[in-house]
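Me: I would like to go through this model by question and answer, with the cut-offs stated as we go.
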Amino acid sequence: MRPIHVGLLGIGTVGSGTWDVLQRNAREIRRRAGRAIRITQVADKDQKKARRLVDGKAQVLGNAFAVVRAPDIGIVVELIGGTGIAKDLVLEAIAQGKHVVTANKALLAKHGNRIFAAAQKKGVMVAFEASVGGGIPIIKALREGLAANRIEWIAGIINGTSNFILSEMRDKGLAFATALADAQARGYAETDPTFDIEGVDAAHKLTILSALAFGIPMQFSKAYTEGISRLTQQDIGYAEELGYRIKLLGITRRAQRGIELRVHPTLVPARRLIANVEGVMNAILVKGDAVGATMYYGAGAGSQPTASAVVADLVDVTRLITADPGHRVPHLAFQPDQLSATPILPIGEVQTSYYLRMRVLDKPGVLARITRILADLRISIDAMVQKEPPAGEKRVDIVMLTHLALEKNVDAAMRRIEQLPTVLGRITRIRIEALL
Ligand code: HSE
């Protein structure tokens with residue numbers, strides 16, 4: 001059979017990995033796909049670099065739209081990223097009847113509903129394995145491998161950069177900024193690193209996972225997002241003493257009144273496998289009603305790991321290209337006319353457990369007043385530690401762990417406790433997940 005021609009948009013970190021993997025494993029890939037997969041056109045704004053990389057084996061252009069519109073291109077691989085020109089290119093590729101492979105989580109989280117509707121109408125595939133968890137085949141697992149299950153929840157370390165920073169801070173006592181600079185130098189971080197450290201990148205990915213797990217539209221704007229930039233060595237240390245590790249988790253859960261969609265630093269029991277995922281590695285726990293908890297682990301970023309997912313999508317699309325569109329795997333796992341309108345819960349309606357750290361004056365009655373406020377708001381204390389102050393010091397740290405509580409009640413309790421004259425400064429609140 002004739003090779004399938006691919007147009008590659010963007011030959012940066014993931015693009016060059018994709019080029020390398022396709023060249024190196026060409027024979028193996030052909031045996032799997034049933035025909036050769038060849039990148040014949042590459043578009044990149046740095047044409048000189050692109051020419052050097054492809055070494056005469058593909059045509060290099062500066063204009064990505066020309067690649068998208070080229071008649072002999074069957075699949076467009078979008079690796080430009082972001083929601084600007086990438087969006088126009090993907091929509092144009094679909095309009096041209098091309099299949100699309102993309103690693104662009106921001107684009108899908110924000111504009112996925114429109115993109116998938118356009119693809120559906122045109123009968124083309126939009127494959128996006130590389131958009132979540134780098135090389136981990138989590139999209140395939142959720143969409144196909146777990147298709148028998150009613151998914152209960154997903155909890156994942158889905159941003160390598162922030163996990164790398166947290167690991168470095170805990171292991172080496174490194175300052176936040178030093179660890180971030182290191183992650184950037186290694187090519188893990190997003191163009192705008194605030195996306196990594198403020199949880200935005202994880203929220204993009206979680207939005208995609210949530211849609212696949214629960215058969216709902218992409219609803220990035222309803223995700224609650226809190227990053228790691230305000231975490232201190234002190235909290236990392238206290239968590240450790242209490243038997244927990246702090247991880248930036250993306251959590252989506254089917255609750256009674258809606259779906260939780262939240263990214264935030266989380267205390268996870270140190271004995272859990274996921275608590276021991278270090279560095280740039282990602283891990284995603286998926287709980288299905290039939291299968292129980294399953295975990296997917298691997299490199300969540302980087303050139304060749306992410307290329308592994310891009311190329312797997314190329315193989316998938318190549319295999320299915322002649323299939324009737326109605327018989328392909330639905331883009332979002334559920335048939336497009338079967339999406340559910342279950343609401344995403346605001347963070348105030350989420351129920352979880354909490355780590356609360358406060359600095360107080362070491363005087364009689366201080367603790368009694370605090371626990372009274374918690375009791376009034378139906379917040380039950382699970383464990384508590386008061387640190388002995390250094391000699392002569394009148395201020396002490398109290399760390400409390402709560403049982404399950406409603407977030408809006410915890411908010412109200414924090415506001416009231418912070419108003420007590422014996423409580424100094426703000427309370428630090430970190431959510432806890434047992435992940436059982
Ligand atoms: N910046 C992302 C991360 C890259 O650190 O995980 C992969 O999406």
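Me: In which sense do strand E1 and strand E4 pair, and over how many bridges?

Reply: This is a predicted model, in which local features need pLDDT of at least 70, side-chain atom pairs count only at pLDDT 80 or more, and totals for chains, interfaces and linings use all residues. Residues are numbered from 1 along each chain as its sequence is written, and side-chain values use heavy atoms, with hydrogens and water left out. Strands are DSSP runs of E with at least two residues, helices are runs of H or I with at least four, both numbered from the N terminus, and two strands pair if DSSP finds at least two bridges between them. Strand E1 (residues 4-9) and strand E4 (residues 75-78), where Leu9 has Glu78 as its bridge partner, pair in the parallel sense over 4 bridges.

Me: Which strands stand at the edges of the open sheet, each with a single partner strand?

Reply: The open sheet is formed by 6 strands with parallel pairing, in the order E3-E2-E1-E4-E5-E6. One side of each edge strand is left without a neighbour in the sheet, because each has a single partner strand, and these are strand E3 (59-61) and strand E6 (126-127).

Me: How many bridges join strand E13 to E17?

Reply: In the pairing of strand E13 (residues 351-361) with E17, the two run antiparallel. Arg359 stands opposite Leu424 in E17, and the bridges joining the two strands number 7.

Me: What is the distance from an oxygen atom of the ligand to an N or O atom in the side chain of Thr161?

Reply: A polar contact to the ligand is a pair of N or O atoms within 3.5 Å. For the side chain of Asp196, a nitrogen atom of the ligand lies 2.8 Å from an N or O atom. For the side chain of Thr161, an oxygen atom of the ligand lies at 2.7 Å.

Me: How do the residues of the shell around the ligand divide into nonpolar, polar and charged?

Reply: The residues around the ligand, with a heavy atom within 4 Å of it, include Lys105, Tyr188, Glu190 and Gly300. Asp, Glu, Lys and Arg count as charged, Ala, Val, Leu, Ile, Met, Phe, Trp, Tyr, Cys and Pro as nonpolar, and the others, Gly among them, as polar. The shell divides into 3 nonpolar, 4 polar and 5 charged.

Key
A polar contact is a pair of N or O atoms within 3.5 Å; within protein, one must be able to donate a hydrogen and the other to accept it, and residues adjacent in sequence count only if both atoms are side-chain atoms.
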